[in-house]
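Reader: I'd like to go through this fold with you, piece by piece. Can we pull it up first?

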Amino acid sequence: GEIARLVGILAHEFLQRLGAEGAPQIYGVNLERHRLLWRNTLVAHGASGAELDAALANLEQLLRNVAEDSRARWLFDPAHSDVHSEYGVSGLLDGQVRQMRIDRTFVDSQGVRWIVDFKTSLHEGGSLDQFLDREVDRYRPQLEAYARVFQAMEDRPICLGLYFPLLKGWREWNFV
């Protein structure tokens, strides 16, 4: 619904800010300040009661998970080069110009271009690994389209990743 979509937007804004400020800022995050901003935004969009409480709980869990997760520290490591968050790119794919927004991209110390998409999905019941594998199948075409655009611009290995901060989940694969 609308509130779940808004939680995703707020989560991406938070992760974009971390991308701009770097990994050390993960530890200095003021939970109360973010909680107040998130609450005000959610209430302004009609959230109330249990729906508001659940949305805030998810955002707070995301913040805590990111602060504790070594994968998040790596994703937001200021040692990476050519770093971009919420990066707009355009490219010719299958004869059509496509405009895309990439959640996070950078070049690591090995010279590998990483293209990462953040997913604020929740998962209840069943196998988490199976869920994450299905999400790779679901989002593979999107990330590989991003990779094709970068492949046309630069000559370096490309790896793709899906990061699920609410689940501390991660999947990666090489683009060939």
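Author: Sure, starting with one pair: V89 stands opposite M100 in β2. Keep in mind that this is a predicted model, where local features need pLDDT of at least 70, side-chain atom pairs count only at pLDDT 80 or more, and totals for chains, interfaces and linings use all residues. Residues are numbered from 1 along each chain as its sequence is written, and side-chain values use heavy atoms, with hydrogens and water left out.

Reader: How many bridges join β1 to β2?

Author: Strands here are DSSP E runs of at least two residues, helices are H or I runs of at least four, and both are numbered from the N terminus. Two strands pair if DSSP finds at least two bridges between them. β1 and β2 (residues 96-107) run antiparallel, and the bridges joining them number 10.

Reader: Which strands stand at the edges of the sheet?

Author: The open sheet has 5 strands with mixed pairing, in the order β1-β2-β3-β4-β5. Two of them have a single partner strand each, so one side of each is left without a neighbour in the sheet: β1 (81-93) and β5 (169-175).

Reader: Are α1 and α3 roughly parallel or roughly antiparallel?

Author: Helix α1 (residues 2-21) packs with helix α3 (residues 49-68) at about 25 degrees, their axes 10 Å apart. Axes are lines fitted to C-alpha atoms, for helices over the stretch in contact, and angles run from 0 to 180 degrees between N-to-C directions. Angles under 35 degrees count as roughly parallel, over 145 as roughly antiparallel, 65 to 115 as roughly perpendicular and the rest as oblique. That makes this pair roughly parallel.
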